[in-house]
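Here's a quick walk through a protein model, feature by feature. Have the viewer open and follow along.

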Amino acid sequence: MNEVKEPIWTKDFIVVSIINFMSILIFFLLMVTISSYAVETYHVSTSIAGLVSSIFIIGTLIGRLGAGRLIGNSGPQKVLMTGLIVFFITTTLYLFEWGVTYLLVIRLLQGVAVGTIGTATGTIVATILPATRKGEGIGYFSLSAVLATAIGPFVGMFIMKLENGFDVIFYTNTVLSLLLLIASLFVKVSITQKNTNSELHSQKLSLLEKFIEPKAVSISFVALLIGFAYSGVMSFLTFYSREINLVEASSYFFLAYACVIIISRPYTGKLMDLRGPNIIVYPCLIIFAVGMLLFSQASASWMLLVAAALIGLGYGNFNSIAQTIAVKVTEPHRFGLATSTYFIFYDLGLGIGPFILGMVEPHTTYRVIFASMIPLVLICIPLYYFLVGRKKVL
């Protein structure tokens with residue numbers, strides 16, 4: 001008889017995936033447009049525009065640090081609701097133009113909310129998925145983020161072409177954040193809190209271990225470097241496409257990126273469950289490096305879109321597998337901390353990247369900046385081997 005597989009597509013899984021999708025959609029709507037908004041509205045430098053973009057992700061670090069700890073005490077559902085309320089409030093505040101300092105504060109606070117939401121949804125999914133299908137399930141769940149990363153930038157760059165485009169973006173995000181609150185009312189997840197032995201063990205933990213899961217640090221550090229390498233693509237695609245005269249093609253960049261991930265992600269997740277992560281990670285890093293090479297040298301539309309597909313296949317699948325590794329090496333009662341640890345490191349790479357690269361840009365070109373990320377990606381191959389790949393823990 002064929003073995004009956006435990007289900008992945010439960011009601012709670014679907015609703016939480018929708019919430020994750022919509023919050024990241026708003027994130028990417030702003031991520032690819034807010035730098036231009038800061039320059040056009042407040043006439044700031046490229047470096048400050050990069051900070052306006054990246055400080056959002058710094059905020060997520062703060063949110064994830066607190067959320068990972070709070071989830072262990074209050075449960076992920078209450079933490080999710082708190083994050084969604086703060087998210088709605090901060091999203092509506094974009095409607096007011098009170099200066100670049102005000103914009104930086106709002107970006108930071110909204111980042112805290114998104115970090116809280118992401119940690120809560122990731123923890124819920126990691127907990128409700130069957131153990132034998134975690135790689136596959138997290139792969140499907142992360143597709144909600146992939147779809148958002150495609151639709152968000154595409155819609156954002158399209159709306160920017162309209163008259164009063166930034167106002168349209170801010171009003172759209174306000175409506176979407178309200179829908180997030182409504183969707184959260186349909187989440188009814190009962191997650192067992194840690195047992196007495198775990199509580200006794202937690203009393204012996206160091207202060208750092210109460211906010212960080214040590215077992216997830218190794219893969220999270222590799223994700224930090226990979227996130228840094230990708231951050232410039234995410235934040236400066238608009239400026240780069242103008243520099244190389246490929247503005248039209250750039251509007252389809254994230255669609256090509258997402259289509260490849262949507263097609264490949266279910267297979268990579270299943271393959272990880274069957275054969276382990278190494279068979280996926282090493283090819284992904286190589287493909288990502290090749291994609292960055294083509295991206296940095298793009299001179300025609302087809303080159304930019306092929307680069308998008310390669311980056312999606314490499315970087316996009318690595319991100320999903322790395323997140324799964326962080327959870328699978330951790331005890332169930334610390335899934336919240338493992339999820340937050342992974343995204344703290346990953347978001348740090350995404351956050352500091354645009355600011356640092358923005359400072360470098362006036363002294364060079366975007367081509368040189370993106371080409372310099374290729375060695376960083378290649379260094380991650382032996383680094384992953386020594387920190388994670390050679391260990392027989394998965």
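## Ser142 and its distant partner

Ser142 has 9% relative accessibility, so it counts as buried (under 20% relative accessible area; exposed is over 50% and partly exposed is in between, with a 1.4 Å probe and protein chains only). Ser142 sits in helix H6; helices here are DSSP runs of H or I with at least four residues, numbered from the N terminus. The C-alpha of Ser142 is 8.7 Å from that of Phe21, although 121 residues separate the two along the chain.

A word on ground rules: this is a predicted model, where local features need pLDDT of at least 70 and side-chain atom pairs count only at pLDDT 80 or more, while totals for chains, interfaces and linings use all residues. Residues are numbered from 1 along each chain as its sequence is written, and side-chain values use heavy atoms, leaving out hydrogens and water.

## The cavity

How many cavities of 30 Å³ or more does a search of the whole structure find? The search turns up 1, with a volume of about 520 Å³. The lining takes in 33 residues, and closest to the centre are Ile24, Ala145, Asn319, Phe343 and Tyr346. Helices giving two or more residues to that lining include H1 (11–31), H6 (134–160), H13 (301–328) and H14 (335–360).

As for the terms, a cavity is a set of points on a 1 Å grid over the protein atoms alone where a 1.4 Å probe fits but cannot get out, and lining residues have an atom within 4 Å of a point. Grid points are joined across faces, edges and corners, and the volume is the space filled by probe spheres set on the points.

## Helix H4

H4 covers residues 76–92, 17 in number, and spans 25 Å from first C-alpha to last, close to the expected 24 Å (1.5 Å times one less than the number of residues). Its buried residues include Val79, Leu80, Gly83, Leu84 and Phe87.

## A salt bridge and an odd phi

The model has 1 salt bridge, meaning a side-chain nitrogen of Lys or Arg within 4 Å of a carboxyl oxygen of Asp or Glu. Lys11 and Asp12 make the pair, at 3.3 Å from N to O. Lys11 is partly exposed at 48% relative accessibility, whereas Asp12 is buried at 17%.

Then look at Asn245: not a glycine, yet its phi is positive at about 60°. Asn245 belongs to the loop between H9 and helix H10 (247–250), and at 65% relative accessibility it counts as exposed.

Technical notes
1 Å grid on protein atoms, 1.4 Å probe; cavity = no way out; pocket = protein on both sides within 12 Å on 5 of 7 lines; lining within 4 Å.
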